[in-house]
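Please look through the sequence and the model below before reading on. The report that follows goes from the overall layout to single residues and their surroundings.

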Amino acid sequence: MLQLRRGTPRTEGYGSENSIAHREFTDETGHRLVLDLGKVDEDGWVFGLYFDGGRPSPSTVEAHRTLFRGLMEWFGLQLVQITPAATADEVLVPSVPPEAEGEDGLGVSWNFSYDRLEQLRSHVGLSRDAPREVKEVKLRALMGLPIWSAAPEPLRSEAEAFLHGG
């Protein structure tokens with residue numbers, strides 16, 4: 001289904017250490033792309049669409065998102081993350097270790113230079129045009145971390161307003 005060349009792992013670029021097969025192609029806008037299948041641990045698989053230079057067209061990204069999700073369903077794989085996320089279920093939400101859940105914020109400090117929600121966007125891996133539901137999931141995940149208690153008040157207020165429809 002992916003039309004990969006068997007036994008041809010990528011030897012360079014991000015994620016190449018896990019690659020087991022790939023294929024190179026050009027999208028309709030002329031950008032060179034690499035479709036890759038990687039193996040992580042015993043049970044983990046990574047489907048990747050990599051580009052060098054120009055970003056692939058939105059239609060190419062969406063076609064591969066659909067293909068990857070179809071393959072996951074076909075093989076009964078659990079989706080962990082798709083980057084960039086288009087829906088809330090494509091966002092990786094790290095779990096907070098049980099020992100951190102009860103922390104009251106003592107000794108926690110905010111070591112970031114931003115105090116506005118827009119500045120936070122790039123820190124949590126969001127593009128400017130990310131869907132609202134993706135922004136909400138990422139923001140809720142950050143707000144669930146002990147460090148959030150030390151975030152500046154303007155940021156905390158703005159985050160609450162955003163989550164309540166503002």
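## Overall layout

The protein chain of this predicted model contains five helices and three strands, and, when read along the sequence, these elements follow the pattern β-β-β-α-α-α-α-α. Along its principal axes, the C-alpha trace of the protein chain spans about 55 × 35 × 30 Å.

Of the 166 residues in the protein chain, buried residues make up 32%. If one takes the contacts in the protein chain between residues at least 6 apart in sequence, 41% of them join residues at least 24 apart.

## The nonpolar cores

The largest nonpolar core is made of 20 residues, and those with the most contacts inside it are Trp110, Leu117, Leu120, Leu139, Trp148 and Leu155. Two or more residues of this core are given by each of helix 3 (117–120), helix 4 (132–143) and helix 5 (153–163), and the largest share, five residues, comes from helix 4. Apart from this core lies another core, of 10 residues, which has Phe25, Leu35, Leu37 and Ile82 among its members.

Leu139 shows how parts of the chain come together in the largest core: not counting residues up to four places away in sequence, Leu139 touches Leu117, Leu120, Trp148, Ala159, Phe162 and Leu163.

## Helix 4

Helix 4 has 12 residues and reaches 16 Å from its first C-alpha to its last, which is close to the 16 Å expected at 1.5 Å a residue. Which residues of helix 4 are buried? They are Val134, Val137, Leu139, Leu142 and Met143, and what covers these buried residues includes helix 3 and helix 5.

## Aromatic rings and Tyr114

A search of the whole structure finds six aromatic pairs. In one of them, the rings of Phe112 and Tyr114 have their centres 5.5 Å apart and their planes at 10°, so this pair is stacked. The two partners can also be described by their accessibility: Phe112 is partly exposed, with a relative accessible area of 30%, whereas Tyr114, at 11% relative accessibility, counts as buried. Ring pairs also link Trp110, Phe112, Tyr114 and Trp148 into a cluster.

Tyr114 is found in the loop between helix 2 (98–101) and helix 3. Leaving aside its neighbours within four places in sequence, Tyr114 is in contact with Gln119, Leu120, His123 and Pro152, and with His123 there is a polar contact of 3.1 Å between the two side chains. Tyr114 and Gly70, on the other hand, are 44 residues apart in sequence and 39 Å apart in space, from C-alpha to C-alpha.

## Asp36 in strand 2

Asp36 lies in strand 2 (residues 32–40). Is Asp36 buried or exposed? Because its relative accessibility is 2%, Asp36 counts as buried, the cut-off for this term being under 20% relative accessible area.

The side chain of Asp36 makes a polar contact of 2.6 Å with the side chain of Ser19. When its neighbours within four places in sequence are left aside, Asp36 is in contact with Arg10, Ser19, Ala21, His22, Val46, Phe47, Gly48 and Tyr50. Two of these residues, Arg10 and Tyr50, appear in the next section as well.

## Arginines and their surroundings

Arg10 lies over the face of Tyr50, at 4.3 Å from the ring centre. Another arginine, Arg23, lies over the face of Phe25, at 4.7 Å from the ring centre, and Phe25 is among the residues of the core of 10 residues.

Arg65 has its place in helix 1 (residues 58–75). Why is Arg65 counted as buried? The reason is its relative accessibility of 9%, which falls within the range for buried residues, under 20%. The side chains of Arg65 and Glu62 are joined by a polar contact of 3.3 Å. Not counting residues up to four places away in sequence, Arg65 touches Ile82, Pro84, Ala85, Ala86 and Glu90, and Ile82 is also among the residues of the core of 10 residues.

Technical notes:
Residues are numbered from 1 along each chain as its sequence is written. This is a predicted model: local features need pLDDT of at least 70, side-chain atom pairs count only at pLDDT 80 or more; totals for chains, interfaces and linings use all residues. Side-chain values use heavy atoms; hydrogens and water are left out. A nonpolar core is a set of buried Ala, Val, Leu, Ile, Met, Phe, Trp, Tyr and Cys residues joined through side-chain atoms within 4.5 Å. Buried means under 20% relative accessible area, exposed over 50%, partly exposed in between (1.4 Å probe, protein chains only). Helices (H or I, at least four residues) and strands (E, at least two) are DSSP runs, numbered from the N terminus. Contact means heavy atoms within 4.5 Å. A polar contact is a pair of N or O atoms within 3.5 Å; within protein, one must be able to donate a hydrogen and the other to accept it, and residues adjacent in sequence count only if both atoms are side-chain atoms. Rings of Phe, Tyr and Trp (its six-membered ring) pair if their centres lie within 6.5 Å; planes under 30 degrees apart count as stacked, over 60 as edge-to-face and the rest as tilted. A charge sits over a ring if NZ of Lys or CZ of Arg is within 6 Å of the ring centre and within 35 degrees of the ring normal. The expected span of a helix is 1.5 Å times one less than its number of residues.
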